[in-house]
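Here are some exercises to work through with the model open beside you. Try each task before reading its solution.

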Amino acid sequence: MAFLEVKGLKAFYRQIEAIHGLDFSLEEGSITTILGANGAGKTTTLRAICRMIRTEGEIRFDGQDVTGMATEKVVQLGIAHVPEGRGTFVRQSVEENLQLGAYTRKSKTEIAADIERVYDYFPRLRERQKQQAGTLSGGEQQMLAIGRALMLRPRLMLLDEPSFGLAPLIVQEIYGIMRRIRESEGTTMLLVEQNANIALNLADHAYLLETGNVVMSGESQVIRDDENVRRSYLGY
Amino acid sequence: MDLFFQLTLAGLAIGSIYACVALAVVMIYQATDHFNFAQGEMAMFSTFICWTFLGLGLPVWVAAVLAIGTSFIAGLIIERVIIKPVENAPVLNQIIVFIGLLMIFNNVAGWIWEFTIKPFPSLFPDDFGFKSELIGPHHMGVIALTLTVLLLIFLFFRFTRVGLAMRAAAANPDSARLVGISVGWMLALGWGLAAAVGAVGGILVAPIVYLEPNMMSGVLLYAFAGALLGGVSSPGGAVLGGLIVGVLENWLGQYVPGGSELKLTFALILIVGVLLFKPAGLFGRVVIKRV
Amino acid sequence: MDRPNPITKKLLIGFLIALGVGILIPQITTDFTTYQFTLAISYGIAMLGLNILTGYNGQFSVGHSAFFAIGAYTAAIMIEHFAIDPYTSIVIAAFAAFVVGFLFGLPALRLEGLYLALATFGFAVATPQLLKFDAFEHWTGGVQGIFVPKPEPLMEGLSADQSLYYVAMGIMVFLMVVAWSILNSRSGRAMMAIRDNPVAAATMGINLPMVKTTTFGLSAMYAGIGGALFTYSSEFVSPDTFNFFIAVYILVGSVIGGIATIPGVIFGGLFIVFMPNYAQDLKLFFEGTEGPWAAVAGVVPPPWAIFGVMLILVIYFVPFGVWGGIERLWAWTKRRSAG
């Protein structure tokens, strides 16, 4: 059984079905990306895993069925979600945001050590640790969101378009750090992106989503070399 | 002693009671975007519970602490059982539920303890602080105690894990869930705390206005005025607003002809005035309206 | 969203039957019961005002006791100080309440939902103190209030209570028809458009401020007329009569009858006046019994606590109220027979 196994997943906003029977899975330690245009259902898929919307179908994490759980219970299983729009606690300080990321954990010394570790990945956050998070730039808030997710010591990280709305240089920087995180922590990641190029660079596997259905899947390398994908998503 | 000074000090005393109730109102407002119209009646009910404990022969401080603890639990239960079902209902339905709560507390209190007014003992000994015509030990005690309570609450929210989680849940429920916070329980906890702080206000005001089921209606209006004046988005502002309203009320009563009879009207004008001309209050931030 | 019913044949028949029952009531009951029905009508008219404002225009008021009081006091003052006949006084009371409501509607323009509820709450809480104010004492009678004699019977053979009842009923029917016609007119559609989608309403060229303030005035006017009739039937006004709980009664009746309905206020008014009596009777019944049943009397909560519970339950389960429920049931049977 795969680490995360999704079968026949349908998701609904009120009465409207946004994804129509999705199947995919990912292995522990891998990075998987879901690519697709706006409205393809990428964000919805992540929200479904975290139980933020109504769904039908099966979602198993490490063998355990999560569909009946509340969001906070799913988080306690070790699934950290870096949401669309970054979900910054704007009125709280950078440090408080990181502490909130470790809300489900108990050991104060471990938490303090992990905060240091996050600051090592993102030195800019250390500089701004006492600052209200709402005053950070977009890129810094994205770093904070990833840092907050790391504070859970996640077994699986869900990342919703970490490149969204950021300048190319910042995107490079953030993806560089994600690569480092992967190398030193071995965190399993499920990455949703519109920027297919950069996502395929990082990921091992990819799924291509169109209007709520998987239309293609495979090794990142294979997907990247596909003629259609190149024309539609990579633009060269 | 200078009359003006005495008036101001007495105003601060009554104002710190408004501050308690205002803080309770703001705590619930921040967490759930509701004005709890029943906050006053809940505080009144808490005070009656304290009165019942006193009747059992318990010392006044023990009775007060027990009543505040009971109120905390009751507040928690009210949120879980009564408020939760209308969490996503239209605003009108929510307002009506609060009015229903107000009626229930008011009438059940009258039913159990009757509508006659009752003297209520002060928590403070007769030789506490100093005395003059307008202010006595109770006033001094009120100021000291409310400042302590408010400080404790501030420390709780600022420095504890649960306090931080409560702030996070109120400010950004979706993100709070994503870090594993049970937002529903945080709201309930907020209600419990609000009920407890309100109870402090009720127990402190009862020796001044006497205990009866309608004792809080005016206090609640002043507390609303204080909360809005200070800024309904700012707990600290609400506390300051409560204090300001208390002092203004006393000045108005003394220096404006007929002012003592128009105190509630003054509170009304303050509420409408702040809403119209400075909706963020003195210390709050503008809440962006989503249309 | 909820709109006033179109007049169908069946609705008209129902209306005529209700009218017939209404006319019969004073003939078959005592003067005291008739007086209670008059009270129910005066509350009902105020509820109608609240329904227009809240149910059809989406502006909240938890303070209609204030406008009720303005109508009541204006009528009493007209009779006491100006010796104006009681029926003309109702017109003046209506006008006064309209003006105050219109003026209150101006700041209300800038207050949304919750905040408007808070402002009206404040108005209702402050009203009794304002009525006691020294400077107005010459007019208002201060704490003592004003005694108002019950209007002389209009026809021979009618008691004062019966006559007042018929007047009140006539006014209520008239005001229901007025409400119905307004709500079915262009202005009524504008009111409901504002309730359903203020932004769209504004882009459609509806003059939002004008419609909203006028609706506030109209609603207050209804409450004021209710207040005047209340004064005549109870023969007395005093500041503490018009405490915040009157506003709560009006709200309770509106919600239970159905806040976005016109006929619902009949149920609302009757509920407010008669249910407390029945609850009291129930208590007395248990007190009169022997043995364990007598103990029940001790644990029957006071009516208004029960109504608080009912109010919350209504909001949970039947937020459209009694008449809203009848409408839905009617629509359901029609669909069933059609399909």
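## Exercise 1: a covered strand and its sheet

Strand 9 of chain A is mostly covered, since 5 of its 6 residues are buried. Please keep in mind throughout that this is a predicted model.

**Task.** Find out which strands join strand 9 of chain A in an open sheet, and in what order they stand.

**Solution.**

1. Start with the order: the open sheet of chain A has 6 strands, arranged 6-7-8-3-9-10, and its pairing is mixed.
2. Next, look at the edges. Strand 6 (79-82) and strand 10 (213-219) of chain A each have a single partner strand, so one side of each has no neighbour in the sheet.
3. Then consider the twist: on average, neighbouring strands of this sheet are turned by 15° against each other, direction ignored.
4. Finally, see what lies across the sheet. Helix 1 (residues 42-49) of chain A lies across strand 3 (31-36), strand 6, strand 7 (156-160), strand 8 (188-193) and strand 9 of chain A. Helix 1 of chain A runs at about 145° to strand 7 of chain A.

## Exercise 2: two partners of strand 9

**Task.** Determine how strand 9 of chain A is bridged to strand 3 of chain A and to strand 10 of chain A.

**Solution.**

1. Take strand 3 of chain A to begin with: 5 bridges link it to strand 9 of chain A, and the two run parallel. In this pairing A:I34 stands opposite A:Y207 in strand 9.
2. Now turn to strand 10 of chain A, which is joined to strand 9 (residues 205-210) of chain A by 6 bridges and runs antiparallel to it.
3. Check the register here: A:H205 faces A:E219 of strand 10, and A:A206 stands opposite A:G218.
4. Follow the chain around the turn. Strands 9 and 10 of chain A form a hairpin with 2 residues between them, and A:T211 in that turn has a positive phi of about 35°.

## Exercise 3: unusual phi angles in chain B

**Task.** Locate B:D33 and B:E114, and decide for each whether it is exposed or partly exposed.

**Solution.**

1. Recall the background: most residues other than glycine have a negative phi.
2. B:D33, although not a glycine, has a positive phi of about 60°. B:D33 sits in the loop between helix 1 (3-32) and helix 2 (39-55) of chain B.
3. Count neighbours for B:D33: there are 14 C-beta neighbours inside 10 Å, so B:D33 counts as partly exposed.
4. B:E114 is not a glycine either, and its phi is positive at about 70°. Its place is the loop between helix 4 (91-113) and helix 5 (137-159) of chain B.
5. With 11 C-beta neighbours inside 10 Å, B:E114 counts as exposed.

## Exercise 4: a helix pair in chain B

**Task.** Describe how helix 1 and helix 8 (residues 183-209) of chain B pack.

**Solution.**

1. Their angle is about 165°, and their axes are 8 Å apart. Therefore helix 1 of chain B is roughly antiparallel to helix 8 of chain B.
2. The crossing of these two helices of chain B is left-handed.
3. List some contacts: helix 1 of chain B contributes residues including B:I17, B:L23 and B:M27, while those from helix 8 of chain B include B:L187, B:W191 and B:V197.
4. Sort the contact by class: 16 nonpolar, 4 polar and no charged residues.

## Exercise 5: where the chains touch

**Task.** Work out how many residues of chain A and chain B are in contact.

**Solution.**

1. The count is 18 residues of chain A against 14 residues of chain B.
2. On the chain A side, helix 2 (71-76) and helix 3 (94-101) are the elements that give two or more residues.
3. By class, that side of chain A divides into 6 nonpolar, 8 polar and 4 charged residues.

Key
Residues are numbered from 1 along each chain as its sequence is written. Chains are lettered from A and ligands numbered from 1 in the order in which they are written. This is a predicted model: local features need pLDDT of at least 70, side-chain atom pairs count only at pLDDT 80 or more; totals for chains, interfaces and linings use all residues. Two residues are in contact if their C-beta atoms, placed from the backbone, lie within 7 Å. Helices (H or I, at least four residues) and strands (E, at least two) are DSSP runs, numbered from the N terminus. Ala, Val, Leu, Ile, Met, Phe, Trp, Tyr, Cys and Pro count as nonpolar, Asp, Glu, Lys and Arg as charged, and the others, Gly among them, as polar. A residue is buried if 20 or more other C-beta atoms lie within 10 Å of its own, exposed if 12 or fewer, and partly exposed in between; C-beta atoms are placed from the backbone. Two strands pair if DSSP finds at least two bridges between them. Axes are lines fitted to C-alpha atoms, for helices over the stretch in contact, and angles run from 0 to 180 degrees between N-to-C directions. Angles under 35 degrees count as roughly parallel, over 145 as roughly antiparallel, 65 to 115 as roughly perpendicular and the rest as oblique. A crossing is left-handed if the near helix is turned anticlockwise from the far one by less than a right angle, and right-handed if clockwise.
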